[in-house]
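The following exercises are to be worked with the sequence and the model at hand. Each task is followed by a solution in steps.

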Amino acid sequence: MEATSTADRDTTIDPAIEVDGLTKTFGSSDDSVVAVEDVSFTIHPGSVVGVLGPNGAGKTTTIKSILGLIRPDKGTVYIDGVNIAERPQEAFSRVDAMLEGARNDYWRLTIRENLRYFATIGGDNPDVVADRHDRLLNKLDLAEKADEPVRDLSRGMKQKVSLASVLASDVSVAFLDEPTLGLDIESSLTLRQELGRIVEDRGLTVVLSSHDMDVIEDVCDRVIIMNDGQIIVDNEVEELLEKVETQRYRITVREASQKAMSTLDGRYQITNCERFDKRTRFELTATNEIFYQLTRDLEQADLTLDTIETIQPDLEEIFLEITEEDTS
Ligand SMILES: Nc1ncnc2c1ncn2[C@@H]1O[C@H](COP(=O)(O)OP(=O)(O)OP(=O)(O)O)[C@@H](O)[C@H]1O
């Protein structure tokens with residue numbers, strides 16, 4: 001999702017974030033760990049980028065280095081064209097972050113008081129930005145509870161207040177670490193939709209990390225996948241989905257014998273097998289190239305094909321495939 005029209009984008013404006021040759025090693029000599037090695041990327045204003053990777057891949061080190069919370073050994077970070085090491089105050093003036101699940105909102109204060117507080121420390125006069133806060137509260141469906149203390153709210157609402165607090169001042173870049181962590185399915189869906197609308201309206205640049213693949217698919221237009229301190233994929237979400245080499249199939253056959261099924265199971269890993277109404281339905285994964293082989297194998301096993309559907313892969317599967325390729 002591009003918040004500002006790509007056609008209208010002024011290519012002479014600075015990238016929202018530019019990371020060049022970032023390297024960070026923790027510890028020294030034998031115990032040292034290279035957390036991030038020569039990482040470079042550019043993020044344009046108004047884009048939403050997901051940073052993914054297994055535990056220990058270097059995501060947090062990268063994000064904390066951009067936020068100035070970790071000092072890298074090498075490399076330069078620019079925010080809106082400003083070098084964070086040279087002019088930190090200016091660089092961070094329009095940046096806010098929700099790290100480690102939820103930010104520390106003041107639970108004794110009401111939602112609106114929290115927004116005023118965070119706007120103030122973000123350098124805004126809260127009276128001047130009161131309208132923006134009203135719009136934010138409406139968008140996040142928090143308006144009715146705006147004058148209630150945060151401590152009385154549900155977990156989903158508290159998470160939304162965290163997000164609202166990040167957006168309370170006039171930020172142009174927001175870092176969101178696991179914005180849907182701990183939310184139930186419905187609250188997560190609502191938050192994703194609301195975040196999408198806010199990003200579009202405000203032309204906000206967002207960098208988010210999440211293990212919730214729905215967040216990435218719904219909100220991000222690009223993903224950066226890290227492994228072992230390096231970027232192994234930097235691509236548009238849609239292109240990434242197209243690139244995947246394996247495909248899951250849901251197949252329904254008529255009157256499958258046990259023997260036929262075990263023959264097939266020997267060749268493909270069969271999951272979610274269920275029998276109903278003289279039919280057997282199961283799922284398997286096959287690479288695109290062997291799809292025709294699969295149909296021949298079904299014939300040879302004397303299985304009469306009823307239906308065959310492809311199942312849209314989710315990013316979790318793609319991500320596993322890519323990191324396995326990278327480490328093999
Ligand atoms: N303060 C530190 N001291 C020593 N090693 C560290 C420190 N911070 C991170 N590391 C190491 O650097 C590597 C990268 O860690 P980092 O936290 O950046 O990964 P991550 O991708 O964010 O992982 P996770 O998904 O678990 O948060 C890991 O091997 C980690 O153990």
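**Exercise 1.** Which residue in β7 stands opposite Met-98?

*Solution.* The model is predicted, so that local features need pLDDT of at least 70 and side-chain atom pairs count only at pLDDT 80 or more, while totals for chains, interfaces and linings use all residues. Residues are numbered from 1 along each chain as its sequence is written, and side-chain values use heavy atoms, with hydrogens and water left out.

Step 1. Locate the strands, which are DSSP runs (E, at least two residues; helices are H or I, at least four) numbered from the N terminus. Strand β6 covers 95-98, and β7 comprises residues 173-177.

Step 2. Establish the pairing, for which DSSP must find at least two bridges between two strands. Four bridges join β6 to β7, and the two strands run parallel.

Step 3. Read off the partner: Leu-176 in β7 stands opposite Met-98.

**Exercise 2.** Place β6 and β7 within their sheet, and identify a helix packed on it.

*Solution.* Step 1. The sheet is open and has six strands with mixed pairing, in the order β6-β7-β8-β3-β9-β10. Its edge strands, each pairing on one side only, are β6 and β10 (230-236).

Step 2. On average, neighbouring strands of this sheet are turned by 15° against each other, direction ignored. Axes here are lines fitted to C-alpha atoms, for helices over the stretch in contact, and angles run from 0 to 180 degrees between N-to-C directions.

Step 3. Helix α5 (residues 155-166) packs on the sheet and touches β6 and β7, contact meaning heavy atoms within 4.5 Å. The direction of α5 makes about 165° with that of β6.

**Exercise 3.** Describe the antiparallel sheet that contains β13, with its hairpin and packed helices.

*Solution.* Step 1. Four strands form an open sheet with antiparallel pairing, ordered β12-β13-β11-β14. The edges are β12 and β14 (304-311), and the twist from one strand to the next averages 20°.

Step 2. Five bridges connect β12 (residues 270-276) with β13 (residues 279-287), and Arg-275 faces Thr-280 in β13. The two strands form a hairpin with two residues between them, where Asp-277 in the turn has a positive phi of about 45°.

Step 3. Nine bridges link β11 (residues 246-254) to β13; among the partners, Thr-252 is matched with Arg-281 in β13.

Step 4. Helix α9 (residues 258-267) packs on this sheet against β12 and β13, its direction making about 165° with that of β12. Helix α10 (residues 291-300) touches β11, β13 and β14, at about 20° to the direction of β11.

**Exercise 4.** How many residues of the shell around the ligand come from α1, and which polar atoms approach the ligand?

*Solution.* Step 1. The surrounding residues, each with a heavy atom within 4 Å of the ligand, include Phe-26, Val-33, Pro-54 and Lys-59.

Step 2. Both β2 (33-43) and α1 (59-66) supply at least two shell residues; α1 gives the largest share, three residues.

Step 3. Polar contacts are pairs of N or O atoms within 3.5 Å; within protein, one must be able to donate a hydrogen and the other to accept it, and residues adjacent in sequence count only if both atoms are side-chain atoms. Oxygen atoms of the ligand lie 2.4 Å from a polar side-chain atom of Thr-60, 2.5 Å from one of Thr-61 and 2.9 Å from a polar backbone atom of Gly-58.
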